[in-house]
Amino acid sequence: MSPSGRTLPRGPWRALVRASVLSPPLGPGGPDAGGSAISLLIRVEIGQLGGPQAERLLAAARLAGLRGQSSPETVRPLASRGSRSSLPPPGRPRRVPWGSRSRVRIEGEEALYGRLRARLLREGPAMEEIADEVRSVLRATTRAGPRSVRLAHGRRLQLAGKTLVMGVVNVTPDSFFDGGRYASTDDAVRHGLRLVEEGADLLDIGGESTRPGSSPVPVREELRRVLPVLLALRSSSSVPLSVDTSKPEVARQALRNGADLVNDVSGLGDRRMREVVRRAGAAAVVMHMRGRPRDMQTDTRYDDLLAEVFAELAERTQRAEREGIAPDQLVVDPGVGFGKSFEGNLELLRRLGELRSLGYPVMVGASRKSFLGALLGGAPPEHRGEASVTAAVLASLRGASIVRVHDVGPTVEALRVADAFRRGWPRGASGRSGRRSVRD
Ligand code: HH2
């Protein structure tokens with residue numbers, strides 16, 4: 001069961017429910033974290049419903065005062081399942097044929113969802129299940145969300161209050177942006193300490209590039225790169241340290257030598273990795289990637305990107321929980337740039353809030369990535385600094401709790417503005433009254 005109390009859908013159809021808050025902007029602590037009285041406009045998407053259920057749900061939603069519609073593009077008549085169905089001919093009434101599947105989209109003020117629930121509960125077990133699913137997803141999406149993450153060594157990472165910044169320390173010769181700059185232990189440690197001074201809330205130490213087309217490095221080589229840096233940073237700073245690896249043995253040794261969490265771009269796909277995380281009581285970032293770095297950009301087409309990323313992360317996290325990893329040890333990440341197209345990366349950022357429905361803190365790493373270069377007319381990684389800061393701010397406003405970045409100083413400053421914009425000026429940030437003259 002996930003932190004939001006969700007279980008896998010039980011019905012003959014799957015009600016995969018995602019919710020997003022359309023306004024006001026989300027924050028890491030959820031839309032109500034600032035304590036002000038706000039009304040939320042929420043969109044709920046329910047996927048893969050059979051025609052009759054979709055019709056009943058839509059009717060109930062409209063009676064409750066919500067706006068509702070079903071998506072004809074997802075309708076696949078049973079006879080042609082497996083192939084893409086075409087849109088209904090223009091002018092035809094948009095009725096969902098029996099036996100087909102449909103996605104229902106509902107939109108409206110938060111309070112109206114209570115009315116919808118009451119109506120659905122009167123409709124029998126199938127609708128009851130949807131009502132429960134909608135309620136738990138709304139809770140996960142609109143409430144303050146998890147307030148902390150459990151780290152190894154009995155520590156916790158506090159999430160409430162601000163967007164956290166994870167500074168990248170790449171001890172590699174070939175990373176796509178900073179490869180070779182911090183390949184020696186001394187340079188990497190100096191860089192890590194500088195990021196802490198600039199305000200990093202945690203550091204992510206990696207010994208293997210995962211850029212598109214890259215090949216894995218042997219375990220011994222990855223350990224040779226990562227461990228000395230980890231040990232030196234551990235002895236000189238108390239900042240939480242993450243190891244960016246997909247290899248269980250590297251994770252195990254890193255956790256034994258002071259790492260607090262594992263950032264696994266392969267999404268805890270390896271059973272041994274889940275075992276290492278469970279035994280250490282460490283946190284794990286579960287990232288979505290299609291394929292492996294070597295081939296992940298060869299096919300970046302999805303039927304429905306958000307739905308696939310969502311379903312995959314739901315399955316990975318639920319499997320981790322079944323094997324004994326606690327919900328508060330998990331963080332999810334949609335994997336910007338990992339098997340995604342230019343448009344796909346933008347869509348992931350734009351619809352990030354929907355991942356909050358999973359009930360875990362959301363992390364995003366858009367820093368210096370190629371879709372930003374494409375937006376700037378082909379700018380190389382070294383000229384994507386401002387765009388990266390902007391992406392971090394947007395991710396924060398869409399509900400990211402943690403942003404993984406190369407440029408810690410400017411991102412920390414920008415996020416102070418974003419966090420304040422969303423939540424009001426934090427008390428004590430500018431003297432006792434919390435107010436200051438606009439000219440000082
Ligand atoms: N991106 C990179 C590496 N690790 N981990 C998570 N959770 N999310 C990300 O988006 C992510 C990540 C790629 O960035 P970088 O480490 O700078 O590049 P390289 O893999 O070439 O070392």
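This briefing covers a nonpolar core, a helix that contributes to it and one strand residue. The structure is a predicted model, in which local features need pLDDT of at least 70 and side-chain atom pairs count only at pLDDT 80 or more, while totals for chains, interfaces and linings use all residues. Residues are numbered from 1 along each chain as its sequence is written.

**The core**
- The largest nonpolar core, meaning a set of buried Ala, Val, Leu, Ile, Met, Phe, Trp, Tyr and Cys residues joined through C-beta atoms within 7 Å, has 112 residues, and among those that touch the most other members are V226, L230 and A392.
- Domain 1 (16-81 + 97-142) and domain 2 (148-423), with bounds from an automatic or database domain assignment, both give residues to this core, so it lies between them.

**Helix α11**
- Helix α11 (a DSSP run of H or I, at least four residues, numbered from the N terminus) covers residues 385-397 and reaches 19 Å from its first C-alpha to its last.
- Its buried residues, those with 20 or more other C-beta atoms within 10 Å of their own C-beta, placed from the backbone, include V389, A392 and L397.
- Leaving aside neighbours within four places in sequence, A392 is in contact (C-beta atoms, placed from the backbone, within 7 Å) with A366, V403, V405, T411, A414 and L415.

**Residue R105**
- R105 is found in strand β4 (residues 101-109), a strand being a DSSP run of E with at least two residues.
- R105 counts as partly exposed (between the limits of 12 or fewer for exposed and 20 or more for buried) because it has 16 C-beta neighbours inside 10 Å.
- R105 and Q69 lie 36 residues apart in sequence but 5.4 Å apart in space, C-alpha to C-alpha.

Terms used:
Two residues are in contact if their C-beta atoms, placed from the backbone, lie within 7 Å. The expected span of a helix is 1.5 Å times one less than its number of residues.
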